[in-house]
Amino acid sequence: MNALANEKIQEIQRTAQRVIAAQAGDRAAFGELFVQYEKSIYAIALRRTGNPTEAQELVQDVFMQAMQKIEQLRAPEAFGGWLRQITVRMAINRITRRKVAFATEPEVLEATVLGEGTPDQELMDKERQAQVRDGMARLRDMDRDTLEAFYVKGQSLAEMADEFDAPIGTIKRRLHVARKRLAVEVEELATV
């Protein structure tokens, strides 16, 4: 085993030990986890919210949530991926809540909205989206999870490597294969 892999294994073991201690109520261990993951969680939060102040608030909320729910984590070595999932979910919730909805008359709305294309084009786009959703549903779990992590959750290859516990090269290959399989599924649905 090379030194880099050995170092990574030791880091995962140290993290798991901190998680176990934090689950037993050791606040200092949770503080160490905070220091270890704060920057990466901030980066995800900033990418999702687009606002440094809001990202910092989100980091605080994420760690509060993690501290309250840490006993529920069954696999201590998966803490990083679990924390990233909390971050993405809370960012989506935050963004969804901050959008302000307002009512307007249909005539005003119709006069101010610029269409992306013709009604035919919009219908074709909706059909294509439905085909992609159906194609995703027909994929194997690993292919679907890989595509969702990259395209829906917006994870980087490095984040996916951590979450799936696989080298980046393997993640790249999985993405390539999953894209090809999705293309085949969508093509089959289009011919039906």
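In this predicted model, the buried residues of helix α1 are T15, A16, V19 and A22. Looking down the axis of α1, these buried residues fall within an arc of 125°, so they line one face of the helix. A general feature of helices helps to picture this: an α-helix has 3.6 residues a turn, so residues three or four places apart point the same way. On the other side of α1, A3 and Q17 are exposed. The buried face has partners, for the buried residues of α1 pack against α2 (27–49) and α4 (79–98).

The length of α1 can be checked with simple arithmetic. Helix α1 covers residues 3–23, which makes 21 residues, and at 1.5 Å a residue it should span 30 Å. The C-alpha atoms at its two ends are 30 Å apart, which agrees with that expectation. The two ends of α1 also have features of their own. At the N-terminal end, N2 acts as a cap, with a side-chain oxygen 3.2 Å from the backbone nitrogen of L4. Just after α1, G25 takes a positive phi of about 100°.

It helps to step back to the whole chain here. The chain holds 9 helices and 0 strands, and its pattern along the sequence reads α-α-α-α-α-α-α-α-α. Of the 192 residues in the chain, 30% are buried. Among contacts with a separation of 6 or more, 60% are between residues 24 or more positions apart.

Helices α2 and α4, the two partners of the buried residues of α1, also pack against each other. Their axes are 10 Å apart and meet at an angle of about 35°, and α2 passes α4 in a right-handed crossing. On the α2 side, the residues that take part are L33, Y37, I41, I44, A45, R48 and T49. On the α4 side, they meet F79, G80, L83, R84, T87, V88, A91, I92, I95 and R98.

What does L58 touch, leaving aside its neighbours within four places in sequence? This residue is found in helix α3 (residues 52–69), and its contacts are A45, T49, T87, M90, A91 and R94. Some of these names are familiar from the packing of α2 with α4: A45 and T49 belong to the α2 side, while T87 and A91 belong to the α4 side. L58 counts as buried because its relative accessibility is 1%, where the cut-off for buried is under 20%. L58 is also 9.9 Å from I44, C-alpha to C-alpha, with their positions 14 residues apart in sequence.

Two further residues of α4 can be set side by side. G81 lies in helix α4 and counts as buried at 14% relative accessibility. Its C-alpha atom is separated by 6.8 Å from that of D162, although G81 and D162 are 81 residues apart along the chain. Q85 is in helix α4 too, but at 37% relative accessibility Q85 counts as partly exposed. Not counting residues up to four places away in sequence, Q85 touches K153 and E163. Q85 and V62 are 23 residues apart in sequence, and their C-alpha atoms are 9.8 Å apart in space.

Later in the chain, helix α8 (157–164) has E159, M160 and A161 as its buried residues. Just after α8 comes D165, with a positive phi of about 55°. Is D165 buried or exposed? D165 is exposed, with a relative accessible area of 65%, and its place is in the loop between α8 and α9 (168–191). The backbone angle deserves a second look, since most residues other than glycine have a negative phi. D165 takes its positive phi although it is not a glycine.

A last example comes from helix α6 (residues 119–138), where A130 has its place. A130 counts as partly exposed at 26% relative accessibility. A130 and V186 are 56 residues apart in sequence, yet they are 9.4 Å apart in space, C-alpha to C-alpha.

Methods: Residues numbered from 1 in each chain as written. Predicted model: local features only at pLDDT ≥ 70, side-chain atom pairs only at ≥ 80, totals over all residues. Heavy atoms only, no water. Helix = DSSP H or I, 4+ residues; strand = E, 2+ residues; numbered from the N terminus. Expected span 1.5 Å × (residues − 1). Buried < 20%, exposed > 50% of the residue type's maximum accessible area, 1.4 Å probe, protein only. Arc of directions from axis to C-beta. Contact = heavy atoms within 4.5 Å. Polar contact = N/O pair within 3.5 Å; in protein donor to acceptor, adjacent residues only side chain to side chain. Axes fitted to C-alpha atoms, helices over the stretch in contact; angles between N-to-C directions. Left-handed = near helix turned anticlockwise from the far one by under 90°.
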